[in-house]
Amino acid sequence: MAIAPPAHTRELAAFAALTAHHGEIAGVHLRDLFASDPQRGTRLTAEAAGLHLDYSKNRVTDATLRLLHELAAQAGVAERRDAMFAGEHINVTEDRAVLHVALRMPRERSLIVDGRDVVADVHEVLDRMAAFADRIRSGEWKGQTGKTITSVVNIGIGGSDLGPVMANRALAHYSRRDMTFRFVSNVDATAFAEATRDLDPERTLFIVCSKTFTTLETMTNAETARSWLLGALGADETAVARHFVAVSTNLEAVAKFGIDTDNAFGFWDWVGGRYSMDSAIGLSTMLAVGPEQFRELLSGFHAMDEHFRAAPPSANLPMIMGLLGIWYADFFGAQTQAVLPYDQYLERFPAYLQQLTMESNGKSVRLDSTAVDVDTGAVYWGEPGTNGQHSFYQLIHQGTRLIPCDFVCFAHSLNPLGNHHDLLVANVFAQAEALAFGRGAEEVAAEGTPEWLVPHRTFAGNRPSNVLMADRLTPAVLGALVALYEHAVFTQGVIWGINSFDQWGVELGKALAQRIVPELSGDSELAHDASTNALIARYRAARRDRAS
């Protein structure tokens with residue numbers, strides 16, 4: 001039986017102590033914290049799985065950290081973590097285990113859940129994926145006309161798209177450059193048209209990612225892909241089996257579509273979509289980088305899993321980052337979190353984290369069906385540096401809102417050119433320094449700035465940030481980085497007493513859309529609100545005008 005949620009967050013003794021503590025230190029500046037502790041910059045750091053975390057530029061003292069760890073203990077983070085790793089059904093609203101951690105466990109491990117060894121099941125699928133990837137990459141697999149596959153189009157949405165897209169961009173350095181990888185998720189026809197415009201149907205493979213093989217957007221795009229292929233080849237339906245594979249557990253629907261069920265790769269109901277990039281959903285990633293590099297990705301995930309499971313709280317990277325998020329959200333009123341990767345390969349990492357964090361913790365109801373009593377689920381956003389510095393950093397530095405920042409950088413570039421990388425990393429360190437310490441009016445005035453202009457050029461500082469640094473961006477480091485945020489999200493969800501593994505909030509809009517679709521092309525009486533009725537009527541009129 002899953003562990004019951006703790007008392008409401010505000011009822012925990014550590015939360016009350018933190019509230020009082022916040023009142024005492026909220027006005028303390030980071031300049032003073034560093035001045036009083038010369039070792040702070042090296043002391044408030046932690047390392048795991050190839051990642052170095054410098055969290056010294058956070059508005060915390062040793063007392064803050066002690067109280068935050070007490071909060072985690074009182075909320076039962078360690079107990080619920082252990083329950084997750086043991087395969088207990090901690091996703092209580094769907095009565096499911098939460099076992100994305102099993103996706104990256106080594107082959108020699110065993111984990112029995114509901115009577116099955118899930119690790120053995122995982123590796124059976126991984127082995128099939130690897131064999132298929134080898135056939136595609138070697139040229140053994142041929143399309144309907146006997147040509148090798150050189151283009152792969154992943155069709156999915158949500159976790160079936162964001163993870164593969166992010167990983168494809170992040171690991172492009174390791175990818176097959178003689179192959180093209182495209183991704184279609186939006187039901188907007190433009191997405192499919194642009195993804196396939198310059199592709200050769202004879203050399204194109206589609207991966208249809210839908211656990212149930214019923215997802216509206218995915219199956220609409222899959223049917224369009226099917227028509228595109230057969231129309232271009234002038235072939236019969238047998239061609240589908242040479243140009244389509246599936247990531248699904250609905251083998252009946254897969255076969256009906258025309259895909260050989262031997263080329264259907266399954267995953268399990270204990271894998272949430274936003275936690276699935278290291279499952280069969282990552283087939284496009286494996287095709288791009290090869291099975292060996294994919295296994296390296298899994299090893300990085302697993303290294304961070306083991307760290308989260310075993311490291312003491314004071315040295316536990318996911319726990320530290322999750323608790324710092326709690327500190328700013330529930331005591332400083334911060335509503336957003338910026339994630340700023342200083343590596344162009346990670347350009348889609350903030351978008352990936354948006355689903356991971358906001359779909360997981362965007363909840364207002366606790367596990368016991370009562371309302372939460374604190375703010376949950378910060379808005380995550382960001383862009384690669386240094387682009388963002390010429391865009392939204394103005395708001396972070398001198399705006400009225402407190403926006404904690406995570407900077408991600410690497411000691412070595414995968415593409416060393418001149419002094420590019422030194423310039424890039426210098427900006428990481430400079431931005432974190434400027435946010436923390438700012439620049440006072442006296443210093444600005446001493447530079448000869450006119451008095452009236454001084455306020456405009458003054459930086460208050462005291463803006464918190466983390467710096468995450470690794471040696472270089474490898475598949476293993478990417479896995480560790482993703483797992484770090486997964487477990488930070490988990491830590492926060494436990495403290496808030498919510499279920500981080502369901503997503504009922506996406507259901508209502510989808511159900512209403514299904515109702516509206518047939519109404520757009522008909523003339524039936526409408527029974528929505530006045531605004532929706534008027535919009536549908538206007539769309540109907542536009543359709544009639546286009547047809548006439």
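Which residue in S13 stands opposite aspartate 406? The partner is asparagine 466, and this pair is a good place to enter the structure, which is a predicted model.

Let's start with the strands around that pair. Strand S12, residues 405-410, and S13 pair in the parallel sense, with six bridges between them. Strand S13 itself covers residues 465-470 and also pairs with S2, this time in the antiparallel sense and over three bridges. Within that second pairing, histidine 52 stands opposite methionine 469 in S13. As background, strands of a sheet pair through backbone hydrogen bonds, either parallel or antiparallel.

From S2 we can step on to S1. Strand S1 (residues 45-48) and strand S2 (residues 51-54) run antiparallel and are joined by four bridges. Here alanine 46 stands opposite leucine 53 in S2. The two strands form a hairpin with two residues between them, and if you look at backbone torsions, check alanine 49 in the turn: its phi is positive, at about 50°.

Now zoom out to the whole sheet. It is an open sheet of six strands in the order S1-S2-S13-S12-S10-S11, with mixed pairing. S1 and strand S11 (379-381) are the edge strands, each pairing on one side only. On average, neighbouring strands of this sheet are turned by 15° against each other, direction ignored. Helix H17 lies across S12 and S13 and runs at about 155° to S12.

H17 also leads us to the aromatic rings. The structure holds 21 aromatic pairs. One of them is formed by phenylalanine 34 and phenylalanine 437, edge-to-face, with 5.1 Å centre to centre and 75° between the planes. This pair links distant parts of the chain: phenylalanine 34 belongs to helix H2 (residues 30-36) and phenylalanine 437 to helix H17 (residues 420-437), 403 residues apart. Phenylalanine 34 has a charged neighbour as well, since arginine 40 lies over its face at 5.4 Å from the ring centre. Elsewhere, arginine 81 lies over the face of phenylalanine 308, at 5.8 Å from the ring centre.

Why is the pair of phenylalanine 244 and phenylalanine 257 edge-to-face? Because the planes of the two rings stand at 65°, with the centres 5.4 Å apart. Phenylalanine 244 lies in strand S8 (residues 244-247) and phenylalanine 257 in helix H11 (residues 251-257), so the pair ties together parts that are 13 residues apart in sequence. Both residues are buried. Ring pairs also join them to Phe192, Phe206, Phe213 and Trp228 in a cluster.

Definitions and conventions:
Residues numbered from 1 in each chain as written. Predicted model: local features only at pLDDT ≥ 70, side-chain atom pairs only at ≥ 80, totals over all residues. Heavy atoms only, no water. Pairing = 2+ DSSP bridges. Phe/Tyr/Trp six-rings, centres within 6.5 Å; stacked < 30°, edge-to-face > 60°. Buried < 20%, exposed > 50% of the residue type's maximum accessible area, 1.4 Å probe, protein only. Lys NZ or Arg CZ within 6 Å of the ring centre and 35° of its normal. Axes fitted to C-alpha atoms, helices over the stretch in contact; angles between N-to-C directions. Contact = heavy atoms within 4.5 Å.
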